[in-house]
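Some labels given to a protein model rest on a cut-off. The questions below ask what stands behind each label.

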Amino acid sequence: MKKNGIGSRLMIGLTFLFLYAPIFVLIVFSFNATKSRSIWGGFSLRWYAELFSDRVIMEALRTTLLVSAMAAVISCIAGTAAAIGIYAMKRRSRSVVLTINNIPMTNADIITGVSLSLLFMLAIETFNSTFGFNLSKGFITMLIAHITFDIPYVILSVLPRLRQLNPNLYEAAQDLGATGPVAFRKVILPDLMPGIINGLLMAFTMSIDDFVISYFTAGAKVSTLAMEIYSMARRKISPEINAISTLLFISVLLLLVLVNVRESRQASQALQQRAALSPQNNV
């Protein structure tokens, strides 16, 4: 058993080393004073200073944050409403809808990006020929695409909270004199809020990390940070890419840690509530 334990730990360590060693090297060389990608020239924040003084990158960062924030908020509202509707369905209909909901998460990003791009092109060409406008793909089409792949994550974050609710809670609030909207806002929504916040954070993380779908739906006038990194890497490997990638990695890592911490706290609180109620049930 000790040999198996040591071997398992060794394999886990080698796996994580294989996954994160390139990222660690990238982070280290983002602080390199020279442009060399193999020789250490001393610690410096030069590339971070040049990064924040680059107008193109800052505009791409602004677009990325704006799209991610708007997509997260809109998908959070739509996904919460959809989760409530799915929860109210019968079991067979619910399983069918959940299967459809899981398709965007398991589908390849390239397929989603190409299909949405073709859909937007068809809709724009039809709209332009009908009304005489000259619209093209841009910020709005990319925002719609982000909302499309964010909603399933919000639904899967809110549904577990709905299953934990007392099914008679809403009717009890109405029996006590609360109207439907008031009962939902003051009774149901606070219990759903942990799942909603988790869905919001997950949607924001998926949006800020996306490249493929944004590449196919953004058009030529809008560029996200991931798209700008791709275009920079095609021209030349600049040390600014190391600085951008480091900041992106740290941002996504912090968001994922925040989501996991929230989920662990919620699980521990649920266990504490069950433990507090069990003596009463035994009595």
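Q: In what order do the elements of the protein run from the N terminus on?
A: In this predicted model, the order is α-α-α-α-α-α-α-α-α-α-α. The count is 11 helices and 0 strands.

Q: How do you know whether the protein is a compact globule or more spread out than one?
A: The radius of gyration is 24 Å, and the globule rule gives 19 Å for 283 residues. The value is well over the rule, so the protein is more spread out than a compact globule. Along the principal axes, the C-alpha atoms fill a box of roughly 75 × 70 × 35 Å.

Q: What makes up the accessible surface of the protein?
A: About 17700 Å² is exposed, and carbon and sulfur atoms supply 67% of that area. Buried residues account for 33% of the 283 residues.

Q: Why is Phe18 called exposed?
A: The relative accessible area of Phe18 is 70%. The label "exposed" requires over 50%, so Phe18 qualifies. Phe18 belongs to helix α1, which covers residues 2–29.

Q: Which residues form a nonpolar patch on the surface with Phe18?
A: Ile12, Phe16, Leu19 and Tyr20 join Phe18 in this patch, and together the five have about 570 Å² of accessible area. A patch member needs over 30% relative accessible area; Phe18, at 70%, passes that cut-off.

Q: Why is Ile144 called partly exposed?
A: Ile144 has a relative accessibility of 39%. Buried means under 20% and exposed means over 50%; 39% falls in between, so Ile144 is partly exposed. Ile144 sits in helix α6. Its C-alpha atom is 40 Å from that of Gly13, a residue 131 positions away along the chain.

Q: What makes up the largest nonpolar core?
A: This core has 21 residues, of which Ala83, Val158, Leu159, Leu162 and Leu192 touch the most other members. Two or more residues each come from α3 (55–87), α6 (139–164), α8 (180–208) and α11 (239–282). Helix α8 gives the largest share, 7 residues.

Q: Which residues is Ala83 in contact with, leaving aside its neighbours within four places in sequence?
A: Ala83 is in contact with Ile155, Val158, Leu159 and Leu162. Apart from the largest core lies another core, of 10 residues, including Tyr48, Ile241, Ala243 and Ile244.

Q: How many of the contacts with a separation of 6 or more join residues 24 or more positions apart?
A: Such pairs account for 69% of those contacts in the protein.

Key: Residues numbered from 1 in each chain as written. Predicted model: local features only at pLDDT ≥ 70, side-chain atom pairs only at ≥ 80, totals over all residues. Heavy atoms only, no water. Patch = residues over 30% accessible without salt bridge, like charges linked within 9 Å, V, L, I, M, F, W, Y side chains within 5 Å. Areas by Shrake-Rupley, 256 points an atom, 1.4 Å probe, with all protein chains shown as cover. Salt bridge = Lys/Arg side-chain N within 4 Å of Asp/Glu carboxyl O. Helix = DSSP H or I, 4+ residues; strand = E, 2+ residues; numbered from the N terminus. Buried < 20%, exposed > 50% of the residue type's maximum accessible area, 1.4 Å probe, protein only. Rg over C-alpha atoms; globule rule 2.2 N^0.38 Å. Contact = heavy atoms within 4.5 Å. Core = buried A, V, L, I, M, F, W, Y, C linked by side-chain atoms within 4.5 Å.
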